[in-house]
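Biologist: Before we go into details, could you take me through this model step by step, giving your reasoning each time?

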Amino acid sequence: MLLVLLTAYFLVISAAEPWLLRGQPLQLSSLLALLLALVPALFWLGLVAVAAAHKLKAALGGLILGAFVAAPSASFAVDLASDDSRTAVFAPLALEQWVVAFALFGVAQETCKYIIARYTFRHWEWSEVGDGLLYASSIGLGFAVDQTHQELLVSEGSIYLSAAAELSVRTAIAHVSSAAAIGVALSWATSSDRVRSLALLQGLLAAVLVNGCLHVLGSAFGDARLVITIALGLLVIAASSLMTAGRKLSTARPSRNLSVLAAALLLLCLLYT
């Protein structure tokens, strides 16, 4: 449902932009950039409030942790590892781009989400297996809010409204998709520390793969990166939902399906190349 809302939001903004701003770029302030970055998170909180109001506080907590802890920590780690990683230019689908996408951005960003999920695990309310997706998606959306806000701030104060909407939607879907892999791992984890660690490690590896794939494909096919992000995001979220459907908390176990999902995504990327 979130993907549908975000896609509809982008289409409405794109269609209404000629009448709203008469084709002129939007003059961004820091506050306006923050409001635009918050749109996907507000959609998410609205969905949670309608479907599971008693989990709204936990979802809001995940958003806050993602925005104020995970995202700044990941940015610091990336900058510490390589000062020019954000501005480096690679040939489309070059080996160096794959290495940077997976080993730097993927590992840094998803590890920060993983750490939050791993060490706040016991504090969440669990009533069904799918709760892991809810909590992990909240962390991912919080992460996306910070990333979108930072990118909007470097747009030199002027950006077309449709471009800002596209950026917020694409970033939100990308980070929700990668966080969904961690969410599946949370959903399959049990009370055993050993089993939980194994499940979350599988989820982390799958999340890094999703993150890296989206980073590389988005850079290689710039004109179609929103479509690619939506398509891959739909695939990952649908697969994640299927992995948790019909399960009970008492019988949840780590699944090889996470490894199968990771292999399928890698194959998909190889086909793109």
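Biologist: Which residues is glutamine 109 in contact with, leaving aside its neighbours within four places in sequence?

Modeller: This is a predicted model, and within it glutamine 109 is found in helix 4. Its relative accessibility is 9%, and because buried means under 20%, glutamine 109 counts as buried. Leaving aside neighbours within four places in sequence, the residues in contact with glutamine 109 are Ala74, Phe143, Gln147, His175 and Asn211.

Biologist: Is alanine 58 buried, partly exposed or exposed?

Modeller: Alanine 58 lies in helix 3, and its C-alpha is 8.1 Å from that of glutamate 125, although the two are 67 residues apart in sequence. Its relative accessible area is 23%, and since the partly exposed class lies between 20% and 50%, alanine 58 is partly exposed.

Biologist: What span should helix 3 have at 1.5 Å a residue, and where is its kink centred?

Modeller: Helix 3 has 26 residues, which should span 38 Å at 1.5 Å a residue, and its end C-alpha atoms are 36 Å apart, in agreement with that expectation. The helix also carries a kink of about 40°. The expected span of helix 3 is thus 38 Å, and the kink is centred on glycine 66.

Biologist: Which helices are included in what covers the buried residues of helix 3?

Modeller: The buried residues of helix 3 include Ala59, Gly62, Leu63, Gly66, Ala67 and Ala70. Residues three or four places apart in an α-helix point the same way, because there are 3.6 residues a turn. What covers the buried residues of helix 3 includes helix 2, helix 4 and helix 5.

Biologist: How many of the 28 residues of helix 6 are buried?

Modeller: Helix 6 reaches 40 Å from its first C-alpha to its last, close to the 40 Å expected at 1.5 Å a residue, and there is a kink of about 30° in it, centred on alanine 180. Helix 6 is largely enclosed by the rest of the structure, because the number of its 28 residues that are buried is 27.

Biologist: Which residues of the largest nonpolar core touch the most other members, and which helix gives the most to this core?

Modeller: The largest nonpolar core has 72 residues, and the members that touch the most others are Leu36 and Leu152. Helices that each supply at least two residues of this core include helix 1 (2-20), helix 2 (30-51) and helix 5 (131-153). With 17 residues, the helix that gives the most to this core is helix 6.

Biologist: What does leucine 152 touch, not counting residues up to four places away in sequence?

Modeller: Leucine 152 is one of the two residues that touch the most other members of the largest nonpolar core. Not counting residues up to four places away in sequence, leucine 152 touches Leu28, Ala33, Leu36, Ala37, Ile159, Ala164 and Leu167.

Biologist: Which helix gives the most to the lining of the second largest pocket?

Modeller: About 580 Å³ of space lies in the second largest pocket, whose lining has 23 residues, with Trp44, Leu133, Leu134, Ser137 and Ser241 lying nearest its centre. The elements that give two or more residues to this lining are helix 1, helix 2, helix 5, helix 6 and helix 8. With five residues, the helix that gives the most is helix 8.

How values were computed:
Residues are numbered from 1 along each chain as its sequence is written. This is a predicted model: local features need pLDDT of at least 70, side-chain atom pairs count only at pLDDT 80 or more; totals for chains, interfaces and linings use all residues. Side-chain values use heavy atoms; hydrogens and water are left out. A nonpolar core is a set of buried Ala, Val, Leu, Ile, Met, Phe, Trp, Tyr and Cys residues joined through side-chain atoms within 4.5 Å. Buried means under 20% relative accessible area, exposed over 50%, partly exposed in between (1.4 Å probe, protein chains only). Helices (H or I, at least four residues) and strands (E, at least two) are DSSP runs, numbered from the N terminus. Contact means heavy atoms within 4.5 Å. The expected span of a helix is 1.5 Å times one less than its number of residues. The bend at a residue is the angle between axes fitted to the seven residues ending there and the seven starting there. On a 1 Å grid over the protein atoms alone, a cavity is a set of points where a 1.4 Å probe fits but cannot get out, and a pocket is an open set with protein on both sides within 12 Å along at least five of seven lines; lining residues have an atom within 4 Å of a point. Grid points are joined across faces, edges and corners, and a volume is the space filled by probe spheres set on the points.
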